[in-house]
There are 2 protein chains.
Amino acid sequence: MKVSELSRRTGVRVPLIKYYLREGMLPPGRATAANQADYGEDHVRRLRLIRTLIGTRGLSAGATKEILDAITGGQEDLHQVLGIVLGVRPAKGAEPAPAPDPEASDPDPEGLAAARGLIGAMGWDVSPGNPATRTLAEVLTALDHLGTDVDWRTLLPYARLADDMAELDLRQLDGGGDPLAQAERAVLVTVLLEPALLALRRLAQEDKSSRLFGGAHADGAGEA
Amino acid sequence: MKVSELSRRTGVRVPLIKYYLREGMLPPGRATAANQADYGEDHVRRLRLIRTLIGTRGLSAGATKEILDAITGGQEDLHQVLGIVLGVRPAKGAEPAPAPDPEASDPDPEGLAAARGLIGAMGWDVSPGNPATRTLAEVLTALDHLGTDVDWRTLLPYARLADDMAELDLRQLDGGGDPLAQAERAVLVTVLLEPALLALRRLAQEDKSSRLFGGAHADGAGEA
């Protein structure tokens, strides 16, 4: 199909498709004339994946390219792909966290020690460079600075639920299929599911809140 | 204390403190002279909460102000406060999700039906306007467009874990204390814990991945 058809099929504007082509995020089409190329179903699928990673997850174009390279660059070792997606290796693999606040300071040593205490209590075998350790430390530090009594021990039952979730995640990946499909699925399950999981928790919170603290939608606000 | 001391204690620059004062996010200090005011420990605590909401969660100043107003504006009904934090009421309550991609389209009706199918299967009693329903619909639509076989039934076991998590969350809030402290805790548990929960899942994923797919940190990358 022509680039105009590719644009129509995916809803991505032609200039943006050309940008993805220039950046190597989308493989070139088959040249049919000096200034024309033919695109296939693979391009449709790849474009949708790009839009999903950038749109739903707010990943930068650079981080998206790294993930796409991991999927399609002959990287067929699932542990490696997961490592890249999780930001464990290589260092510039993925940056799924929102841009850190420029005024935020480094996690303090106590926060880091608390995060490591939790990881140790769970018996998790993780790389020292896993960026999630830092995120955890930052939240624990913030909770401490705000004068709450929430510490890493409070988070232990949450860590156990996260552990169950990760078991579910990895079971999703173990379904066989060609390595490329498995790698793509790894990205979807790890990265794309995150907003869905937070959404599920928020829905469950509203449900529990109306059961516990009562007065379900008494004001009628929020009707859509 | 003077504003300079408040700045030193919290690490927030004086111009930014003045901005928060102008915007009504920080209550005025006690006037001591024509151009001077005295600030107390409440200001320190409030400033830290503002920086946490904006810094760690990436909330806009406007959304942060709404949440602060809910906490301190005499709003002592925990269900109401949670509703505001969850974006259920009023409509402009909180906007914890990252800015939606301008090219992203509305969730399609099938995605919404799938999200509602999941909510129904869980028996959750939630407002039709809960923005988390839309987020869930968007992810389900994306997974469908990407040609995966992940549908709302795949997410059922995740929804059960999210349900357990929400039970834990609400138990955190039930600890008594004055209503103001409870409301503040509600914000912390719901909003601030989100990045920590994703971090816990990512850590558990790395742990499971190295156990299942092997070769723990073979390349030594990610050492920090």
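Author: Let's start with the cut-off: a residue is buried if 20 or more other C-beta atoms lie within 10 Å of its own. Keep in mind that this is a predicted model.

Reader: Fine. What makes Leu59(B) count as buried?

Author: Its neighbour count is 20 C-beta atoms inside 10 Å, and the cut-off asks for 20 or more. Therefore Leu59(B) counts as buried. You'll find Leu59(B) in the loop between α3 (41–55) and α4 (61–72) of chain B. As for Arg9(B), Leu59(B) is 50 residues from it in sequence and 23 Å from it in space, C-alpha to C-alpha.

Reader: Then there's Lys2(A). Why does Lys2(A) count as partly exposed?

Author: Lys2(A) has 14 C-beta neighbours inside 10 Å. Exposed needs 12 or fewer and buried needs 20 or more, with partly exposed in between, so Lys2(A) lands in the middle class. Lys2(A) sits in the segment before α1 (3–10) of chain A. From Lys2(A) to Arg22(A) it is 20 residues along the sequence and 17 Å through space, C-alpha to C-alpha.

Reader: And chain A as a whole? What share of chain A is buried?

Author: Of its 224 residues, 47% are buried. Chain A has nine helices and two strands, and from the N terminus the order is α-α-β-β-α-α-α-α-α-α-α. Among contacts in chain A with a separation of 6 or more, 59% join residues 24 or more positions apart.

Reader: How do you know how enclosed α7(A) is?

Author: Count the residues: 13 of the 15 in α7(A) are buried, so the rest of the structure largely encloses this helix. α7(A) covers residues 131–145 and spans 21 Å from first C-alpha to last, close to the 21 Å expected at 1.5 Å a residue. After α7(A) comes Gly147(A), with a positive phi near 80 degrees.

Reader: How many residues of α7(B) are buried?

Author: 13 of its 15, and α7(B) is mostly covered. Gly147(B), just after α7(B), has a positive phi of about 80 degrees.

Reader: On to the strands. What makes β1 and β2 of chain A a pair?

Author: Bridges do. At least two are needed, and β1 (residues 30–33) and β2 (residues 36–38) of chain A have three, in the antiparallel sense. They therefore clear the cut-off. Ala31(A), for one, has Ala37(A) in β2(A) as its bridge partner, and a two-residue hairpin joins β1(A) to β2(A).

Reader: How many bridges are there between β1 and β2 of chain B?

Author: Three again, with the strands antiparallel. There, Ala33(B) stands opposite Gln36(B) in β2(B), and the hairpin has two residues between β1(B) and β2(B).

Reader: Last one: how do α8(A) and α8(B) run, roughly parallel or roughly antiparallel?

Author: Their axes cross at roughly 175 degrees and come within 10 Å. Angles over 145 count as roughly antiparallel, so that's the name for α8(A) and α8(B). The contact residues include Pro157(A), Tyr158(A) and Leu161(A) on α8(A), and Asp164(B), Met165(B) and Leu168(B) on α8(B).

Reader: Which classes do the residues in that contact of α8(A) with α8(B) fall into?

Author: 10 are nonpolar, none polar and two charged. Asp counts as charged, and Asp164(A) and Asp164(B) are both in the contact.

Terms used. Residues numbered from 1 in each chain as written. Chains lettered and ligands numbered in written order. Predicted model: local features only at pLDDT ≥ 70, side-chain atom pairs only at ≥ 80, totals over all residues. Helix = DSSP H or I, 4+ residues; strand = E, 2+ residues; numbered from the N terminus. Contact = placed C-beta atoms within 7 Å. Axes fitted to C-alpha atoms, helices over the stretch in contact; angles between N-to-C directions. Parallel < 35°, antiparallel > 145°, perpendicular 65-115°, else oblique. Expected span 1.5 Å × (residues − 1).
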